[in-house]
Amino acid sequence: MSTFVPPPATAAWAHEHARQGFEVVYFRRSGDVRRDQHAPHGQDWLHIVGCTTAVEDGRTWTVDYDITLDADWVTRRAVVACRSEAGTRSTVLQADGTGRWRVDGAPAPHLDGCLDVDLESSAMTNALPVHRFRLPVGTLTAAPAAYVRALDLSVERLDQEYRRTADEGARQCYDYSAPVFDFRCRLVYDEAGLVLSYPGIATRAA
């Protein structure tokens with residue numbers, strides 16, 4: 001089983017087909033963030049801050065996100081905010097690391113068992129489950145996620161699967177499926193475990 005190198009300081013994606021837009025993200029370890037209140041003292045947690053701006057179905061929107069992951073890449077907190085013609089809204093997801101969630105402070109039992117947040121607005125969030133898996137080639141696993149819609153920020157359970165296929169050199173590849181959307185594709189990741197090619201959704205910017 002191969003592992004990934006640490007993520008870069010920043011990355012970006014051009015969104016395509018489903019929407020026109022661009023996403024930029026910044027990665028930093030908890031030790032690099034002075035007085036990071038969401039990472040326990042001495043824990044090497046990852047802090048991810050990003051933004052997607054887009055035009056989709058004739059509507060413009062911007063989604064900002066701030067995600068905290070523990071040392072195993074399990075989502076522990078996500079703050080998501082959307083600006084659109086309808087106004088501004090935000091939501092906060094908190095997780096205990098074992099599959100229990102709260103959304104805006106209220107228990108969210110429909111998310112039981114989920115370890116990742118998955119943002120409709122983001123290509124970056126498909127990096128989270130593959131870092132946790134460390135799957136051998138040929139292995140299939142379920143990866144239900146707390147799925148946050150882009151415009152209304154509603155939070156749903158998204159059942160999905162990843163099967164690791166043969167690598168392309170230093171790049172890991174996974175066959176991804178989300179049955180509720182009748183969607184399947186092959187995701188290609190770089191050495192840091194960030195999506196390079198997300199067919200029909202986004203392409204990594206140089």
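In what order do the three strands of the open sheet lie? The views below address this point and then turn to one glutamate.

The model shown is predicted, so local features need pLDDT of at least 70, side-chain atom pairs count only at pLDDT 80 or more, and totals for chains, interfaces and linings use all residues. Residues are numbered from 1 along each chain as its sequence is written, and side-chain values use heavy atoms, with hydrogens and water left out.

**View 1. An open sheet of three strands with mixed pairing.** The order is E9-E11-E12, where strands are DSSP runs of E of at least two residues, numbered from the N terminus. Strand E9 (116-119) and strand E12 (155-158) form the edges, each pairing on one side only; two strands pair if DSSP finds at least two bridges between them. From one strand to the next, the twist averages 35 degrees, with axes fitted to C-alpha atoms and angles between N-to-C directions running from 0 to 180 degrees.

**View 2. The parallel pair E9 and E11.** Strand E11 covers residues 145-148 and is joined to E9 by four bridges. Leucine 119 stands opposite valine 148 in E11.

**View 3. The surroundings of glutamate 23 in strand E2 (residues 20-29).** Glutamate 23 is buried (under 20% relative accessible area, 1.4 Å probe, protein chains only). Its side chain makes a polar contact (a pair of N or O atoms within 3.5 Å, one able to donate a hydrogen and the other to accept it; residues adjacent in sequence count only if both atoms are side-chain atoms) with the side chain of serine 122, at 2.6 Å. The side chain of glutamate 23 also reaches the backbone nitrogen of alanine 123 at 2.8 Å.

Key: Buried < 20%, exposed > 50% of the residue type's maximum accessible area, 1.4 Å probe, protein only. Lys, Arg positive; Asp, Glu negative; His and termini not counted. Salt bridge = Lys/Arg side-chain N within 4 Å of Asp/Glu carboxyl O.
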